[in-house]
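This report describes a protein model together with its ligand surroundings. The sequence and the coordinates are displayed below, and the account proceeds from individual loop residues to helix packing and the ligand shell.

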Amino acid sequence: MRRFMRGSWVLGWIGALACLSGGVSRLSAEDTAAAPSASYEAEKAKALANPYPNDFGPTLIDASKYPAEIQATYKTLLTVKCARCHQASRPLNSQFLEPYGTKAEKAAKLVEWKQKNPEIFKDRAVWQPEANIWERYVKRMMAKPGCNIQPAEGRKIWQFLTYDSEQRKTGANAAGWEKQRRQLLADFKAKHPARYNELFETR
Ligand code: HEC
């Protein structure tokens, strides 16, 4: 891990510059009111020093056909609050897949996918379907220093991520998602073999 971090230092700096330049126009009054805390800066440095294949995919998606409330969350929360330490590409191109809906609906969808889309359960680097994976990760991000996400916002982001992951990674879009994700994985493996190994071959 330590060895890797030193190796990726240059990359971390490139990432930091990209993030800063992309972030300036989006800074809200809340973000600029107080100087960012040292612990937030440290968390951001950590986020950028350890890349994911996700980071090299698109930072935007087409959400224009999503329900209005989900679109609003995408525009005002996901692409703002989840892009302060790493880019929005990190959640948007993730293998994480959580069904949208109530607890019972989530369980029913997982059963249905096992029958209709069995490929979704065969490669966890492409699809990682779990009943509460986005809930866990949104909470994990919210617990980070300087994250600045209120509980009601966190719930909306969680709802967006379940809706979006289901839309873009399952059903008729499963094959397109697989192609895009496999390309990201192949490119990442070629560029960052040690990190690829750490993420996908040692678990
Ligand atoms: C305060 C900085 C910070 C903010 C804000 C933040 N993240 Fe992260 N994120 C990190 C760090 C650091 C990592 C590296 C892994 C870890 O520490 O959990 C990470 C990793 C990730 C990963 C990769 C996890 C994996 O194992 O594949 C995802 C997905 C993610 N973040 C989603 C989000 C979402 C969604 C939001 C908005 C709710 C968000 N992040 C906001 C710092 C942040």
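Asparagine 148 is located in the loop between H8 and H9 of this predicted model. Its phi angle is near 60°, a positive value in a residue other than glycine. Most residues other than glycine have a negative phi. Asparagine 148 counts as partly exposed because it has 16 C-beta neighbours inside 10 Å, and a residue needs 20 or more to be buried.

**Helix packing around H9**

The two helices that flank this loop also pack against each other. The axes of H8 and helix H9 (residues 151-169) come within 9 Å and cross at roughly 140°. H8 is therefore oblique to H9, and the crossing of the two helices is right-handed. On the H8 side the contact is made by Trp134, Glu135, Val138 and Met142, while H9 contributes Gly154, Ile157, Trp158, Leu161, Thr162 and Ser165. By class, the residues of this contact are six nonpolar, three polar and one charged.

H9 also packs with H5, at an angle of about 110° and with the axes 9 Å apart. This angle makes H5 roughly perpendicular to H9. The crossing of H5 with H9 is left-handed. From H5, the residues Ile70, Thr73, Tyr74, Leu77, Leu78 and Lys81 meet Glu153, Lys156, Ile157, Gln159, Phe160 and Tyr163 of H9. Seven nonpolar, two polar and three charged residues make up the contact of H5 with H9. Ile157 of H9 appears in the contact with H8 and also in the contact with H5.

**Loop residues and their long-range partners**

Proline 53 is placed in the loop between H4 and H5. It counts as buried because 27 C-beta neighbours lie inside 10 Å. Leaving aside residues up to four places away in sequence, proline 53 touches Leu184, Leu185 and Phe188.

Glycine 57 is likewise found in the loop between H4 and H5. With 20 C-beta neighbours inside 10 Å, glycine 57 counts as buried, since burial requires 20 or more. With residues up to four places away in sequence again left aside, glycine 57 touches Ser89, Asn93, Gln180 and Leu184. Leu184 is thus touched by proline 53 and by glycine 57.

Alanine 83 belongs to the loop between helix H5 (68-81) and H6. It has 19 C-beta neighbours inside 10 Å and therefore counts as partly exposed. Glycine 171 lies in the loop between H9 and helix H10 (174-191). It too counts as partly exposed, because it has 14 C-beta neighbours inside 10 Å.

Each of these four loop residues can be paired with a residue elsewhere in the chain, as tabulated here.

| Loop residue | Partner | Sequence separation | C-alpha to C-alpha distance |
|---|---|---|---|
| Proline 53 | Arginine 182 | 129 residues | 9.7 Å |
| Glycine 57 | Glutamine 183 | 126 residues | 9.4 Å |
| Alanine 83 | Threonine 59 | 24 residues | 9.3 Å |
| Glycine 171 | Tryptophan 113 | 58 residues | 8.5 Å |

**The ligand shell**

Which residues come nearest to the ligand? Of the 24 residues around it, these are Ala47, Cys82, Cys85, Pro91 and Met141. Helix H4 (38-49), helix H6 (89-92) and helix H8 (133-142) are the elements that give two or more residues to this shell. H4 supplies the largest share of the shell, five residues. In terms of class, the shell around the ligand holds 12 nonpolar, four polar and eight charged residues.

**Overall organisation**

The secondary structure of the protein consists of 11 helices and two strands. From the N terminus on, the order of elements is α-α-α-α-α-α-β-α-β-α-α-α-α. Of the 203 residues in the protein, 30% are buried. Among contacts with a separation of 6 or more, 80% are accounted for by residues 24 or more positions apart.

Note on methods. Residues numbered from 1 in each chain as written. Predicted model: local features only at pLDDT ≥ 70, side-chain atom pairs only at ≥ 80, totals over all residues. Near = placed C-beta within 6 Å. Helix = DSSP H or I, 4+ residues; strand = E, 2+ residues; numbered from the N terminus. Nonpolar A, V, L, I, M, F, W, Y, C, P; charged D, E, K, R; others polar. Axes fitted to C-alpha atoms, helices over the stretch in contact; angles between N-to-C directions. Parallel < 35°, antiparallel > 145°, perpendicular 65-115°, else oblique. Left-handed = near helix turned anticlockwise from the far one by under 90°. Contact = placed C-beta atoms within 7 Å. Buried ≥ 20, exposed ≤ 12 C-beta atoms within 10 Å, placed from the backbone.
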